[in-house]
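User: Please take a close look at a helix residue and set the description against other parts of the chain. A formal, connected account would be appreciated, with each criterion stated where it is used.

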Amino acid sequence: MIQDPASILVVDDDREMRQLLQDILESENYRVVLASDGQEALARMESEKFPVVVTDLRMKGMNGFDLLGHVAQKHSESNLIMMTAFGTVESAVEAMKHGAFHYLTKPVKADELLVTVHKALKDALLREEVQQLRQQVSREFAFDQILGKSKPMREIFDLIRRVADSQTNILITGESGTGKELVAKALHFNSQRKSKPFVPVNCAAIPELLLESELFGHVRGAFTDAKSDKYGLFEEAHDGTLFLDEVSELPMMLQAKLLRAVQEREIRRVGATKSTSVNVRLIAATNVMLAEEVKAKRFREDLYYRLNVIEIRLPPLRDRKEDIPLLAHGLLKKSLTAQQKHIEGISDSALARLIDYQWPGNVRELENIVERAATLTQGSSISLEDLPINLQAIQGDGQFIEDAVEQILPLGQVEKSYIRRVLEKLGGNKYQTAHVLGIDRKTLYRKLSEMEES
Ligand SMILES: Nc1ncnc2c1ncn2[C@@H]1O[C@H](COP(=O)(O)OP(=O)(O)OP(=O)(O)O)[C@@H](O)[C@H]1O
Ligand SMILES: [Mg+2]
């Protein structure tokens with residue numbers, strides 16, 4: 001948060017100049033912090049946020065350009081104003097090119113300084129506001145997107161809330177399509193790192209030879225194609241979260257480098273001689289049993305323990321069937337909004353089939369099937385015919401109807417058996433059962449008590 005009065009950091013190695021700038025700025029009620037060189041300025045910036053930094057270009061030690069480089073990289077919320085010597089247009093242009101907010105030529109005029117600082121501050125405030133709004137949206141978005149009210153999912157929401165803000169590394173496990181990436185985002189956007197980048201990387205999707213430079217960056221000339229220095233994803237995720245998806249696919253050689261990065265909190269770009277320190281929270285995800293990979297010596301044990309400080313285990317959809325109606329309706333709504341289409345809902349028989357199915361592809365498969373049905377259906381709601389053939393063909397309740405027809409059962413009896421079966425299938429959850437059957441709870445209770453009496 002930008003404080004009121006706003007703090008301005010003034011960097012100059014000339015004491016008189018510092019004093020002068022301080023006097024001018026304080027006359028407008030700014031809070032002024034002084035630093036006598038780039039190094040000291042950076043140290044100040046570690047402990048306090050400055051929306052505006054006014055710096056001299058020529059200083060002993062770390063000069064204004066070096067400082068600008070660090071600010072652009074690590075304190076992008078700050079606007080930097082560069083003071084250059086009169087007549088040196090080139091350095092002013094250079095400063096702007098490297099991301100300075102503006103420049104002032106010396107000797108600095110009071111009114112010019114104040115106008116420029118005011119503009120820089122206004123810009124910083126606006127950017128902060130935009131970022132906060134964006135975060136707010138993304139955070140709500142992150143939690144809202146995860147649908148589920150079954151016990152295992154409620155426990156997962158609880159766990160996410162408890163661990164999101166800690167610094168610990170987290171391993172998310174679960175079959176394909178169970179929502180690992182959604183959970184990773186929810187963790188990030190509910191942590192204090194939320195305004196910093198969330199950088200996903202799929203370890204299985206990047207060719208082994210490229211992966212090292214993708215993760216850690218490279219310096220110019222490190223290999224034939226390295227035409228310039230390049231940031232790696234670790235540096236991109238600085239102060240934020242790096243999401244290592246399909247982490248089991250990480251080659252052994254990179255596992256060693258990753259371990260070093262996790263332990264030492266520093267990385268080395270390919271071809272570099274020096275290390276760079278990084279502050280990154282790691283969230284890894286896998287759909288294989290990583291412990292088995294460790295046993296088979298395909299995954300380093302030490303790395304496994306480093307990544308797996310806390311494990312979030314996402315249950316397969318077939319083990320939380322009571323989430324299916326909620327998910328199906330939620331995903332349908334999402335798909336209809338995207339397609340700008342209107343459908344009333346899902347027919348009872350189609351929903352019963354969705355509940356019955358085993359979902360090897362988990363929520364992703366459900367999402368696809370609902371989307372497909374929403375696209376294809378010509379009726380006012382999704383019916384059994386809108387589901388793929390393999391789902392239509394499930395034996396179960398379909399057989400039950402066949403049997404009823406065979407025996408020519410009275411409707412009341414079929415209804416009773418049907419209610420009993422659905423209730424059984426939903427683990428005795430009456431609320432869910434009423435929902436699936438499309439009747440209200442009171443009606444269900446009445447029917448159930450009638451069944452007990454008969
Ligand atoms: N609980 C949930 N609520 C709503 N949507 C979900 C839920 N879980 C998963 N999804 C949706 O299902 C799809 C798959 O989720 P996600 O990509 O997070 O799964 P994953 O576990 O990372 O899968 P994979 O292992 O295949 O990468 C996404 O479109 C996601 O939005
Ligand atoms: Mg995934």
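Analyst: **A helix residue and its wider setting**

I419 is found in helix α18, which covers residues 411-425; helices (H or I, at least four residues) and strands (E, at least two) are DSSP runs, numbered from the N terminus. The model is predicted, so local features need pLDDT of at least 70 and side-chain atom pairs pLDDT 80 or more, whereas totals for chains, interfaces and linings use all residues. Residues are numbered from 1 along each chain, with chains lettered from A and ligands numbered from 1 in the order written.

I419 counts as partly exposed because 18 C-beta neighbours fall inside 10 Å. On this scale a residue is buried with 20 or more other C-beta atoms within 10 Å of its own, exposed with 12 or fewer, and partly exposed in between, C-beta atoms being placed from the backbone. Residues up to four places away in sequence apart, I419 touches L437 and K447; contact requires C-beta atoms, placed from the backbone, within 7 Å. A434 lies 15 residues from I419 along the chain, and the C-alpha atoms of the two are separated by 9.0 Å.

F234, a residue of helix α9 (residues 233-236), offers a second case. F234 is buried because 24 other C-beta atoms lie within 10 Å. With neighbours within four places in sequence left aside, the contacts of F234 are L215, F216, L242, A261, I267, V278 and V280. One of these partners, F216, is 18 residues from F234 along the chain, with 6.0 Å between the two C-alpha atoms.

Another contact of F234, L242, leads to strand β8. Strand β8 spans residues 241-245 and is mostly covered, with 5 of its 5 residues buried. In a regular strand the side chains alternate between the two faces of the sheet. In β8, L242 and L244 point one way, T241, F243 and D245 point the other way, and all are buried.

Strand β8 has two pairing partners described here, where pairing means that DSSP finds at least two bridges between the strands. Strand β7 (residues 198-202) runs parallel to β8 and is joined to it by 5 bridges; in this pairing V199 stands opposite L242. Strand β11 (residues 281-286) pairs with β8, also in the parallel sense, over 4 bridges. There, A284 of β11 stands opposite L244.

The chain as a whole supplies the context. It has 20 helices and 14 strands, and 30% of its 454 residues count as buried. Of the contacts with a separation of 6 or more, 70% join residues 24 or more positions apart. Taken along the principal axes, the C-alpha atoms fill a box of roughly 100 × 55 × 35 Å.

The assignment divides the chain into domain 1 (7-131), domain 2 (148-315) and domain 3 (321-453); such bounds come from an automatic or database domain assignment. A distance of 36 Å separates the C-alpha centres of domain 1 and domain 2. Domain 2 and domain 3 each contribute at least three residues to the shell around ligand 1. Helices α7 (180-189) and α15 (362-376) each supply at least two residues of that shell.

To return to the residue at the start, I419 is partly exposed, whereas F234 is buried.

Methods. Contact = placed C-beta atoms within 7 Å.
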